[in-house]
Amino acid sequence: MNIIKKAAWDKFKDCDVTPEEVYHDRRRILKQMGFVGAGALLSSQANAGVFDLFSSEEEKAAFARVALPHAKQTEYDHLLYGELTPENKVISHNNFYEFGTSKTDPVENAQELKVNPWQLVIEGEVDTPLTLDYDDILKMFPLEERIYNFRCVEAWSMVIPWVGFSLANLLKKAGVKSNATHVAFETLYDPEQMPGQKNRYSGGGINYPYVEGLTLAEAMTDLTFMSVGLYGKTLPPQNGAPIRLVVPWKYGFKSIKSIVRIRVTDNKPKSSWNLLAASEYGFYANVNPEVDHPRWSQASERRIAEGGLFSAKRIPTLPFNGYGDLVSGLYEGLDLKRNF
Amino acid sequence: MKNKQFRLTSRSLFWLKGLMHCIGLLPIIYLVLLVFNDKAGGDPVQYIIHYTGVGALNALIATLLISPIARKFKQGMLLQTRRLVGLYVFAYASLHILAFFSLDLLFAWGLFFEEVLKRPYILVGAAAYLLLAALAFTSFKAVMRKMGRRWQKLHNAIYLIALLIPIHFYWSVKSEIIEPILYFIMVGLLLGIRLKASRWWKQLSVKSKFKGREINPES
């Protein structure tokens, strides 16, 4: 028996730090590494195909997306700053704690999400409560494509072509009562499908289901969008299939995903991140370069765009994420530094 | 027991060090593979920063494990691997900061210094890194000889670093606190072992009411 061996390095077997596929295939990988050499580190994704170790399984399991007929709506395009974020980045860099807290968890864990059948309920202070099924969601309104800036509270941003319809259309259909002041939203609660909901710790401490809210005026602004797709196809689960909110002048966490309930209310609804850390995440969460997050600056953002690791750019963040002309009127008289 | 007299020889130490280098470098190769297979997400920046940070913390835990293991199994020679593992802590921490500065901040010097000073959690991490750097640069034999007794005093800073890094980690996360807490526990245990063996603790226990208490003669 070799005592030292047991004590010193039994903890770190090769197989602990290396996934099985890589471990068994290590000679080939090392050969390829040598062959590709340092060039691979500098060129972006040009060589990605060389390491095709993991790809086959994943493609088989990927969620099936369908093309959506839509009209292009370009009314807000002049407010965009920057080129479109490539689709593969939009659908593989996601915060969706229901599927795990790391950016790669949603794309890995969400592919099995069942979106059909689906039920979206519109209720509360409305004249006609509605219950929409999967087909209703996709066909109730003519779909339009809108390209919006998307700014995460974590100081990264994208430009995304969404497909969907204005939330106002949906609310008008249900008929908002005169005493209504706010709109509350709720994500699907299904721990069987959403591993992050199984306990509070695997889902980052959020008390599920995830909830969000808007003022009625915010909800009725044409800019506030219900997205059912991106890049011309239905949403993948990691981006909030089958239907999600997109509020482009607010931080991304306001744009709640995989919605099952929209409730028009006569009081201010709760919102999940605000409940978890009120000092860091406010109810309004309007993009504001002058109000830093306690742990990082919001004055600039890392734009996720075409190209490799080093081609990203840090650009200044604009008030209301560039949509100030359209929405700043909603907050007249409100101190946005206090009401962040 | 047959192996009671087993002693680490310089020859086996050589191979042990080689193995430690492999363990130190493999995760980096793995990270490169992940990133270029698009397995670290569409925007792997945060992934890389987190991965290298946790790598530094893992190496730190490994460093702190060496002397308790050496003591337990009476393998004094094992202590000679501490420098190697300690330098991996420094290497991973350097990659961590380099990734933050180059990939996240995109070489914005102003923003870098502003963030370090403005954000307490980054300041804590930066303090730990400066201490680590001091340890790394004084880790050469010649410097060690020159510094004499002061060398050990300086290198006791590793215990401070071991507290600062998990604080930095805990403070930096948005809400997922399990991982940092596990590191707190590990560091706590490893420092606890030392505290128990330290002279300070002995004095404390002698002074205290529990005078008859058995004191671990080792340390």
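Here a trainee and a mentor talk through a predicted model, taking a sheet in chain A and then a helix in chain B.

Trainee: How many helices and strands does chain A have?

Mentor: Happy to start there. Chain A has 340 residues, and 39% of them count as buried. Its secondary structure comes to 13 helices and 13 strands.

Trainee: Which strands stand at the edges of the open sheet of chain A?

Mentor: Let's lay out the order, which is S3-S2-S11-S6-S7 with mixed pairing. Strand S3 (130–133) and strand S7 (211–215) of chain A each have a single partner strand, so one side of each is left without a neighbour in the sheet. Neighbouring strands here are turned by 15 degrees against each other on average, direction ignored. The edge strands are S3 and S7.

Trainee: Which residue in S11(A) is the bridge partner of Val121(A)?

Mentor: Good one to check in your viewer. Strand S2 (residues 119–124) and strand S11 (residues 259–265) of chain A run parallel and are joined by 4 bridges. Within S11(A), the partner of Val121(A) is Arg261(A).

Trainee: Over to chain B: which helices are included in what covers the buried residues of H8(B)?

Mentor: Helix H8 (residues 157–172) of chain B has 16 residues and reaches 22 Å from its first C-alpha to its last, close to the 22 Å expected. Its buried residues include Ile161(B), Leu164(B), Ile165(B) and Phe169(B). Their cover, counted through C-beta atoms within 7 Å, includes chain B helices H2 (45–72), H5 (120–137) and H9 (178–197).

Conventions:
Residues numbered from 1 in each chain as written. Chains lettered and ligands numbered in written order. Predicted model: local features only at pLDDT ≥ 70, side-chain atom pairs only at ≥ 80, totals over all residues. Helix = DSSP H or I, 4+ residues; strand = E, 2+ residues; numbered from the N terminus. Buried ≥ 20, exposed ≤ 12 C-beta atoms within 10 Å, placed from the backbone. Pairing = 2+ DSSP bridges. Axes fitted to C-alpha atoms, helices over the stretch in contact; angles between N-to-C directions. Expected span 1.5 Å × (residues − 1). Contact = placed C-beta atoms within 7 Å.
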